[in-house]
Each structure stands twice: as C-alpha cells, then as structure tokens.
Amino acid sequence: MEAARHVFRVLFLLLVVVVVFAIGRTFLVPPSYGAYGPYRFDNVAEQAAIRLPQHGGAASCGACHAERLKVSSAGAHRAVGCEVCHAPVALHVRDGAKAADMPIDRSFTLCARCHRRIEGRPTAFPQIVLAQHQGGVEGTACIDCHDPHSPKL
C-alpha cells in the first residue's frame, strides 16, 4: 500500500507540472505563434507597417520611362524586373519626384547569376562559359557589348 501512495504522489506531481506548463504557455506564448509556422504571425503585419515598400515593380518605372519599359517588355529579359539590375525604386523616387540617380549594377556577376553555365539549368536557357565567352569576360561588363534591355547582339 505504501508503494501505491508513492506512485500516486509521482502521478499527482506530474499532473501539477503539466497543468503549470499549460497555463504558463498560455500566458507566455503569443496567440498567433505557430499559426502559419514557427514564428509569431502578428509580427509580419508589424514589420510591414514599420518598413515602407522599397520596390515598386516595372509599372512604377514605366510611369516615367515608358519607352524603355516597352523595349524591355518585348525583349528576352521581359521576365526580369527593372529593379533586379537597378536598385529599388524608392532610392530613385520619393514622393513622386526624382530623389537621386538610379544606381545600375554594371558588374558581370549580375549577368552571370543567370547566364553562367551550370549543368542543372535547362539547355534552352542562354548560358555561357565565362572563361570562353569573347576570350574570357570575367571582370568585364557585359553591357559593354549587350544592351541589357534587349540583350541580343
């Protein structure tokens, strides 16, 4: 009978620990935690309210550069947004007026991200071996020969 009392005490202690844990978790863990993954979902809206959008998309560029957007939209890079090669539009335009010149990434590494030959890429996708293209182009600017808005020669 003494052993049964010890077992009862251990089970009662375990029950108390589980209840305290459940109550503590209710008070300490935010309600939206775990709703869509291992993070507090309310934080997504909080961060969006704090940080203003930096990217505007091609349509925002087209408001002032319609002719350039038309050429780009018809070319091989039509699926590549302006802000991929340039910077986010928020660096160029603020409150509807030009705030600064638009930075342009002229490095070959930008082009190489998509066009460097990698075995896993589809064969129909234009790829180059940088060391063999035009005698080796690493360190040079692709846009010296290619128009980035309509890159075919």
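**View 1. Asp101, exposed with a relative accessible area of 60%, and its partner Lys98**. Welcome to this predicted model, and to a first stop at a charged pair. Asp101 forms a salt bridge with Lys98, and the closest N and O atoms of the two residues are 2.9 Å apart. Lys98 has a relative accessibility of 58%, so Lys98 counts as exposed too, the cut-off being over 50%. In general, side chains of opposite charge can pair when their charged atoms come close. How many salt bridges does the structure hold? There are four of them, and two others appear in the views that follow.

**View 2. Glu2 and Arg5 meet through their side chains in a salt bridge**. The N to O distance here is 3.7 Å. Both Glu2 and Arg5 belong to helix α1, which covers residues 2–28. Along the sequence they are three residues apart, and that is about one turn of the helix. Are these residues buried, partly exposed or exposed? Glu2 counts as partly exposed because its relative accessibility is 44%. Arg5 is also partly exposed, and its relative accessible area is 44%.

**View 3. Phe8 and Phe12 form a stacked aromatic pair in helix α1**. A search of the whole structure finds two aromatic pairs. In the pair shown here, the ring centres of Phe8 and Phe12 are 6.4 Å apart. Why is the pair called stacked? The planes of the two rings meet at 20°, which is under the 30 degrees that the term requires, so the pair is stacked. Four residues separate Phe8 from Phe12 in helix α1, about one turn of the helix. Phe8 is exposed, with 56% relative accessible area, whereas Phe12, at 49%, counts as partly exposed.

**View 4. Tyr36 and Phe41 form an aromatic pair that is tilted**. Centre to centre, the rings of Tyr36 and Phe41 lie 4.5 Å apart. The angle between their planes is 50°; that value falls between 30 and 60 degrees, so the pair is tilted and neither stacked nor edge-to-face. The relative accessible area of Tyr36 is 61%, and Tyr36 is exposed. Phe41 has a value of 34% and is partly exposed.

**View 5. Cys64 and Cys111 are cysteines in a structure with a disulfide count of zero**. For Cys64, the nearest cysteine sulfur belongs to Cys61 and is 8.9 Å away. Cys64 counts as exposed because its relative accessibility is 66%. Which cysteine sulfur is nearest to that of Cys111? The answer is the sulfur of Cys142, at 3.8 Å. A disulfide needs its sulfur atoms within 2.5 Å, so Cys111 is in no disulfide. With a relative accessibility of 25%, Cys111 counts as partly exposed.

**View 6. Asp95 has a positive phi in a loop**. Where does Asp95 sit? Its loop runs between two strands, β1 (93–94) and β2 (97–98). The phi of Asp95 is near 55°, and this residue is not a glycine. For comparison, most residues other than glycine have a negative phi. Asp95 counts as exposed, as its relative accessibility is 85%.

**View 7. Arg117 forms a salt bridge with Glu119**. The closest N and O atoms of Arg117 and Glu119 are 3.6 Å apart. Arg117 counts as partly exposed at 42% relative accessibility, while Glu119 counts as exposed at 67%. Arg117 is also among the residues in contact with Gln127, the subject of the last view.

**View 8. Gln127 counts as buried, at 17% relative accessibility**. Gln127 lies in the segment after α6 (108–115). Its side chain has a polar atom 2.9 Å from the backbone nitrogen of Ile118. A polar atom of the Gln127 side chain also lies 3.1 Å from the backbone oxygen of Pro122. Which residues are in contact with Gln127, leaving aside its neighbours within four places in sequence? They are His115, Arg116, Arg117, Ile118, Arg121 and Pro122. Gln127 is buried because its 17% falls under the 20% cut-off.

How values were computed:
Residues are numbered from 1 along each chain as its sequence is written. This is a predicted model: local features need pLDDT of at least 70, side-chain atom pairs count only at pLDDT 80 or more; totals for chains, interfaces and linings use all residues. Side-chain values use heavy atoms; hydrogens and water are left out. Buried means under 20% relative accessible area, exposed over 50%, partly exposed in between (1.4 Å probe, protein chains only). A salt bridge is a side-chain nitrogen of Lys or Arg within 4 Å of a carboxyl oxygen of Asp or Glu. A polar contact is a pair of N or O atoms within 3.5 Å; within protein, one must be able to donate a hydrogen and the other to accept it, and residues adjacent in sequence count only if both atoms are side-chain atoms. Contact means heavy atoms within 4.5 Å. Rings of Phe, Tyr and Trp (its six-membered ring) pair if their centres lie within 6.5 Å; planes under 30 degrees apart count as stacked, over 60 as edge-to-face and the rest as tilted.
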